[in-house]
Amino acid sequence: MPDRSDREQMVRAALRPVGRGGWRYWSIVVALAALVAWGLYAYSYQLRHGLGVTGLNQKVSWGFYILNCVFFIGISYGGAMTSAILRLTHARWRAPITRLAEATAVAALLVGAAYPLIDLGRPDRMLNLLLHPHAGSPVLWDLVAVGTYLVASLVFLYLPLVPDLALMRDRLGAGTRGLVGRLYRVGSLGWTGSDHQRQALALGVGIMAVLIIPLAVSVHSVLAWLFAVTVRGGWHSTIFAPYFVLGAMLSGVGAVILVIAAFSRGYGLGDYVGPKQYRYLGYLLLALALAYTYFMISEYLTDGYVADQSSGPLIAALFTGSYAPLFWAFTIGGLIVPILLVAAPGRYVEGRAVLAALLVVAGMWLKRFLIVVPGMAEPLMPWDWGVYHPSWVEISITIGTAAAIPLMLMLFFHFVPVMSVHEMEEVESESSREPGAAVLPRRQPAG
Amino acid sequence: MFDLARRWGWTVALAAALALSALAAQAAVAAGPTPTRIQVGADPPQADGQPYVIEARIVAADGRGVNSVPLDFSIAADFFGPRQLSIGRATTDGQGRAQISYLPSWQGRHEVTVKFAGTAAFAASQGAGSFVSAVALAPHRDARSPLADFSSGLPYAVAVIVVAVWLTIAFALVGTVRGILADRAPATAPAAADLVPIPDPSEEA
């Protein structure tokens with residue numbers, strides 16, 4: 001069992017941000033809320049005037065909205081997979097970061113799932129999907145997959161939260177007597193930490209960790225099939241589903257690194273989230289980036305060698321044509337440089353991992369743009385290439401939804417611990433039986 | 001003298017003839033193009049699966065056929081509302097006849113309209129006819145996919161998997177909640193004296 005003073009130190013670190021927020025916290029919240037409000041205004045403008053206010057047109061009818069949908073659901077996928085894989089492999093260094101990864105998964109999924117609605121000029125017609133479903137339509141199964149994944153992600157976030165809600169119930173003092181206190185009491189389900197309860201929780205979390213992986217794979221596979229079952233250059237590919245899944249994991253792990261870096265710095269979790277987490281997440285990022293590079297080479301080599309009527313002009317446009325600056329910016333800046341950053345040995349592990357993650361996330365957004373837009377702009381008949389310039393509405397909605405993710409996380413962690421105290425205790429207990437694998441810092445409490 | 005008179009006589013006669021023909025042409029133009037009329041008929045197919053032959057003949061007012069002019073054939077159809085559906089165009093022969101072959105897409109009465117757009121010499125006109133079709137082209141059907149039997153059952157298989165996933169989620173959630181509730185703490189709120197407040201970060205500093 002962890003030393004009593006270490007445990008108290010950990011509990012204090014985990015609970016420190018709860019219910020409190022200095023001027024820095026609230027100014028960031030207000031700034032993010034302003035961006036979200038601007039995005040909402042842009043969407044209301046689009047609702048009133050129709051999709052004509054966007055840069056979408058007859059040839060390029062999928063633009064920022066669909067690529068953002070793929071991108072944000074990919075981020076969510078990476079968060080859920082990171083947490084689930086680390087739980088199933090009993091990686092002890094996971095304990096301080098699983099809560100952040102799971103919360104990122106839910107927040108990103110809520111944003112990503114909203115984009116198909118935003119992409120509709122008449123969002124009320126979404127009901128037709130439920131009222132008149134067509135079993136052969138990938139869109140119907142996309143809705144089913146995303147809905148199931150959302151519910152599973154919420155359950156996967158909630159179950160490990162139960163002991164920490166009990167901790168909040170017991171330790172938040174007079175503040176627990178309001179509505180929030182009632183939520184703590186109801187949500188903690190009368191948790192006492194008995195062996196029976198621990199076993200039940202471990203079983204439930206284990207089942208969800210196993211289930212969330214194929215679910216996340218299915219969500220991104222169905223998204224990929226929405227592209228792959230159309231006869232378009234660059235889309236109609238048999239490797240599209242695993243290609244999408246890999247890209248989602250890559251961008252998701254990158255986003256998790258960024259979230260962990262931001263919250264550990266902002267909430268002073270440096271004693272628990274350190275070089276070990278960044279190094280291992282960096283290795284994960286490296287493996288995924290190398291695998292993605294392999295897939296990319298495989299795709300472009302086979303398509304480029306055949307260079308038929310649809311794929312030939314598309315690859316020419318990407319490699320040397322009008323999309324070449326974006327393509328090479330992604331390939332070099334979003335893949336090669338991050339690989340070199342995390343592969344190189346030496347100091348500044350955290351800085352290099354964060355920079356690599358930032359480049360990967362930005363690069364993967366560019367990659368989604370390069371999948372969606374040129375694929376639509378390439379003419380299927382002997383016409384000119386389509387042109388797409390996003391309008392201020394699309395840019396504002398993109399910025400607003402991107403800001404919604406950190407905003408939701410900051411508000412969520414205003415009420416629950418940013419680290420899973422229960423899980424850290426569990427891992428620490430296991431570690432005490434195996435010397436040299438401690439999670440908690442071996443130091444005396446301050447003061 | 002006689003030669004001179006004869007030469008001038010021929011010249012005058014030629015000029016008079018030219019003037020008269022110019023006047024005649026001018027009169028003809030003033031009268032407008034020659035009216036035309038169109039007769040329409042249809043011959044049934046000689047064998048199953050062969051088309052009908054729809055023939056039209058365009059004649060001028062004097063009853064002679066008008067050759068080398070295009071005729072447009074259409075049928076009355078109810079396709080997103082009543083409208084004329086073009087079924088072809090043919091050019092008339094020396095007798096003023098033009099033919100197209102047409103395989104109806106439905107059985108029953110077909111109202112055929114043939115139109116002539118007109119030229120400088122012949123006025124526009126149109127004619128109509130009808131025939132009752134006993135045969136019709138079979139409606140177009142996509143070739144049956146070799147995977148049709150398999151893919152028709154696929155949505156049901158996926159639906160079964162989805163239901164299984166939902167049941168597993170429900171099992172994990174409900175099972176965990178029941179397991180925790182079985183050993184739950186008393187429902188009463190902790191006494192104020194038992195509560196351990198979170199330390200203020202400023203105090204810690």
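Tutor: Angles under 35 degrees count as roughly parallel, over 145 as roughly antiparallel, 65 to 115 as roughly perpendicular and the rest as oblique. This is a predicted model, in which local features need pLDDT of at least 70 and side-chain atom pairs count only at pLDDT 80 or more, while totals for chains, interfaces and linings use all residues. Residues are numbered from 1 along each chain as its sequence is written, chains are lettered from A in the order in which they are written, and side-chain values use heavy atoms, with hydrogens and water left out.

Student: At what angle do helix H3 and helix H15 of chain A pack?

Tutor: Two packed helices are described by the angle between their axes and the distance between the axes. Here H3 (residues 64-88) and H15 (residues 392-412) of chain A, both DSSP runs of H or I with at least four residues, pack at about 15° with axes 10 Å apart, and H3(A) and H15(A) are therefore roughly parallel to each other.

Student: Which residues of H3(A) make the contact?

Tutor: With contact meaning heavy atoms within 4.5 Å, H3(A) contributes A:Phe64, A:Tyr65, A:Asn68 and A:Phe72, which meet residues of H15(A) including A:Ile397 and A:Ile405.

Student: How are the strands of the sheet in chain B ordered?

Tutor: Strands of a sheet pair through backbone hydrogen bonds, either parallel or antiparallel. In chain B, the order of the open sheet of 3 strands is S1-S2-S5, with antiparallel pairing, where two strands pair if DSSP finds at least two bridges between them and a strand is a DSSP run of E with at least two residues. S1(B) is joined to S2 (residues 52-60) of chain B by 8 bridges, and B:Ala42 stands opposite B:Ile54 in S2(B).

Methods
Axes fitted to C-alpha atoms, helices over the stretch in contact; angles between N-to-C directions.
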